[in-house]
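Student: Can we go through the cavities in this one? I'd like to start with what the word covers.
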Amino acid sequence: SMIFHRRQGPRMPEAEAMLKKAIALDPQFARAWARMASLRSIARNYRITNQAGALAGVEEAAHAAIAIDPTLAEPYAAMGVQYGALREHRREQEAFEKALALDPGDVIANVWHGTTLASTGYRTQAKAALDRALELDPLLPIALLWRGMAHVTDGETALGEKQLRLADDGGLAFAGLGLGQLAAARGDVEQASDQLARAFAALASDLPASTIAVFARACAGDPAARAPALALVDEVMAEHPDVVPAIVGYVLLMLGETDRAFDLVAPAATSNDALIFGSLHRGVFPGARTSPRFPEFARQVGWAALWDASGAPDDCAKQDDDWVCTK
């Protein structure tokens, strides 16, 4: 549970082995099957790996949990996360509706519903879901990170920083993502660079430390790191021809290389879409949502269809056939 809540990517196989042991001792242990589904739904987010093929493992564990205890919300939430990772947004939405109908007080369902809403542009709804998760568990690290980042975006910096520090104190492996974005906004390049490097190391654990250090400095606002970072983007892409590493999309968007990022990220799920999309909808990347290329991108990643069905996301409206965002 600690490995899961702290999102310790390299230790995820160890956590799965522990769950398998618990299930071997008690095959009717529904919550162990549910947590296995949850673990599998996020395990691919911390290495540069393809999301394809992950769904079968998530569904297997989730269906095992549901067969034993059909009242559990967590297995549906885990499937929702995996559908989202594959950009199947309607299935994602239906899975969360089912999870929250079964157990409105399930903390995992609430926090992931929040991160899902934030990653698909529904920032106001996301904040409500994350607040609910934090009512249920005030120290849940992942909820503190996402809610803290939203507070910072809204100019509620003191409250946001407090929550980000609590996420860090709780051992969340990439709490530095929020703390780094905050430091960068304050113009503290050194602090931002240190924090982002910690986060990137957790979110792309298979990249060399030297690459991560350059990416972090560039994203922290050091102009001298820009050209080396873009050269390293080419290197990383050459090494991972079958999948777009989320970290590459993040770096390109942070450096204002918006068209290139959209071209790379649009065709298929990256190794960790949530890393990119949560920041994109919060306006962390300069000019990304207001870019002329954005309406096409929103169609390609499945947001336009979701927004057509479920209503406008924050600060966006339908103009002719396009979804256009004002900030």
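Tutor: Sure. A cavity here is a set of grid points where a 1.4 Å probe fits but cannot get out, and its volume is the space filled by probe spheres set on those points. Keep in mind that this is a predicted model.

Student: Okay, how many cavities of 30 Å³ or more turn up in the whole structure?

Tutor: The search finds two. The largest holds about 490 Å³ of space, and the second largest has a volume of about 60 Å³.

Student: Which residues lie nearest the centre of the largest cavity?

Tutor: Asn45, Ser119, Trp146, Asn272 and Ala274, out of 32 lining residues.

Student: And which helix gives the largest share of that lining?

Tutor: Helix 17, with six residues. Helices 3, 5, 6, 7 and 9 are also among those that each supply at least two.

Student: What's the lining of the largest cavity like by class?

Tutor: There are 16 nonpolar residues, 11 polar and five charged.

Student: Switching to the second largest cavity, what lines that one?

Tutor: Ala118, Arg123, Ala126, Lys127, Leu130, Trp146, Ala150 and Arg282. Helix 8 (123–136) and helix 9 are the elements that give two or more residues to this lining, and the largest share, four residues, comes from helix 8.

Student: How do the residues of that lining divide by class?

Tutor: Five are nonpolar and three charged, with no polar ones.

Student: Where did I hear Trp146 before?

Tutor: Trp146 was in the list for the centre of the largest cavity, and Trp146 also lines the second largest.

Conventions:
Residues numbered from 1 in each chain as written. Predicted model: local features only at pLDDT ≥ 70, side-chain atom pairs only at ≥ 80, totals over all residues. Heavy atoms only, no water. 1 Å grid on protein atoms, 1.4 Å probe; cavity = no way out; pocket = protein on both sides within 12 Å on 5 of 7 lines; lining within 4 Å. Nonpolar A, V, L, I, M, F, W, Y, C, P; charged D, E, K, R; others polar.
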